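Me: I have a structure open and want to practise reading its features. Can we take them one at a time?

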Amino acid sequence: MAQAETDGVTDKRPLSPHLTVYKPMLTMMMSIAHRISGVALYLGALLLALYLLGLAFGPGAFGAVSWIANGFVGHVIVLGFSWALFHHLLGGVRHALWDRGLYMDPKGRELLAQATLGGGIILTLLTWILSTLAN
Amino acid sequence: MTSRTQFISGRTGRGAAYVSDASGAEHDRFMRLSARALLPLGSLAAWYIVGLSGKSFEAARAEIGRPFPALALIVFIAIAAPHARKGVESIIEDYVHDAAQKEKALLVNKWASIAVALLWTLAILLIAAPR
């Protein structure tokens, strides 16, 4: 088989339904969220790189990037970044546990998924509360 | 991806579907090891980054300028950048079907992650440098 057809026939072939028929389950959603939080962290790291450069190059440069950490939008971004970080971190722990064959039964995996979601929110809140108290 | 086996998928027409290139295990191993290292490093980084929000120029510099936060953030990005790069590589491999676009996207990803790591490190070193 050398080359696939290029007359558009391949694009018109029917596809089995997936998102339209699969019942959304927590474990499924958490897997998607793990990927999305990863991308969010990637983009957040890009923004933080700009912020750190502004911090390094003097008050003028800092003025251009201070919106990343200060102001309403900035706080929302940093809050989202920290949540994505803890969510992705706990997701990694979840995968590490599954790698060892633990919590793979129906109740166990639901528990892990819930713990990841809840734990991520708790860790985020804890960090922000402690940070506010410390500063 | 290390191999260039040109399997032409009927579904994607002319696009090439990258099939097994035997690099999966190494990818997996790196992701799991780096994830373990990122447990403490990521938590530390989160703490310092959250601490930065709302701070003035001088206060933020004073915070990052101390040796421990500076080193923690540098080591964090040194490991997080390749981890993130491999993660986004998986995403590109999954969702970008056109061969040319896939190559381009993987290239952009590679250099963006290298740039982010170097710029973080440079910026932190500049901030922490003694006067």
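Me: Where in α1(B) does a kink lie, and of about how many degrees?

Reply: Keep in mind that this model is predicted. The kink lies at B:Leu38 and comes to about 45 degrees. The proline B:Pro40 follows shortly after that point.

Me: Which residues of α1(B) are buried?

Reply: Start with the general idea. An α-helix has 3.6 residues a turn, so residues three or four places apart point the same way. Now the case here. The buried set of α1(B) is B:Leu38, B:Gly42, B:Ala45, B:Ala46, B:Ile49, B:Val50, B:Gly51 and B:Leu52. B:Leu38, the site of the kink, is thus in the buried set too.

Me: What do those buried residues pack against?

Reply: Both chains take part. From chain A come α1, α3 and α4; from chain B come α2 and α3. After the helix comes B:Gly54, with a positive phi near 85 degrees.

Me: Which residue of chain A has a positive phi although it is a residue other than glycine?

Reply: The background first. Most residues other than glycine have a negative phi, and most peptide bonds are trans. In chain A, look at A:Tyr103, where phi is near 55 degrees. A:Tyr103 sits in the loop between α3 and α4 of chain A.

Me: Is A:Tyr103 buried, exposed or partly exposed?

Reply: Count C-beta neighbours. A residue needs 20 or more within 10 Å to be buried, and 12 or fewer to be exposed. A:Tyr103 has 16, so A:Tyr103 is partly exposed. Try A:Leu111 as well, in helix α4 of chain A. A:Leu111 has 12 such neighbours inside 10 Å, so A:Leu111 counts as exposed. A:Leu111 is also 10.0 Å from A:Leu26, C-alpha to C-alpha, with their places 85 residues apart in sequence.

Me: How far does helix α4 of chain A reach?

Reply: Compare the span with the rise per residue. Helix α4 covers residues 106-134, 29 residues in total. From first C-alpha to last, helix α4 reaches 41 Å, close to the 42 Å expected at 1.5 Å a residue. Its buried residues are A:Leu112, A:Ala113, A:Thr116, A:Gly120, A:Thr124 and A:Thr127. Their cover includes α1 and α3 of chain A, and α1 of chain B.

Me: What is the secondary structure of chain A, and why is the chain more spread out than a compact globule?

Reply: Chain A has four helices and zero strands. Its radius of gyration is 21 Å, well over the 14 Å that the globule rule gives for 135 residues, so chain A is more spread out than a compact globule. The C-alpha trace spans about 60 × 45 × 25 Å along its principal axes. Buried residues make up 30% of the chain.

Me: How many residues of chain A are in contact with chain B?

Reply: Count each side. There are 36 residues on chain A and 33 on chain B. Each of α1, α2, α3 and α4 of chain A supplies at least two residues to its side. α1(A) gives the most, with 13. By type, the side of chain A divides into 21 nonpolar, 12 polar and three charged residues.

Me: Which members of the largest nonpolar core touch the most other members?

Reply: The core has 44 residues, and the answer is A:Ala45, A:Leu52, A:Leu55, B:Ile49 and B:Trp120. Elements of both chains give two or more residues to this core, including α1 of chain A and α4 of chain B. Take A:Ala45. Beyond its neighbours within four places in sequence, A:Ala45 is in contact with B:Ala80, B:Ala84 and B:Val116.

Conventions:
Residues are numbered from 1 along each chain as its sequence is written. Chains are lettered from A and ligands numbered from 1 in the order in which they are written. This is a predicted model: local features need pLDDT of at least 70, side-chain atom pairs count only at pLDDT 80 or more; totals for chains, interfaces and linings use all residues. The expected span of a helix is 1.5 Å times one less than its number of residues. Two residues are in contact if their C-beta atoms, placed from the backbone, lie within 7 Å. A nonpolar core is a set of buried Ala, Val, Leu, Ile, Met, Phe, Trp, Tyr and Cys residues joined through C-beta atoms within 7 Å. The radius of gyration is taken over C-alpha atoms; the globule rule is 2.2 Å times the number of residues to the power 0.38. Ala, Val, Leu, Ile, Met, Phe, Trp, Tyr, Cys and Pro count as nonpolar, Asp, Glu, Lys and Arg as charged, and the others, Gly among them, as polar. The bend at a residue is the angle between axes fitted to the seven residues ending there and the seven starting there.
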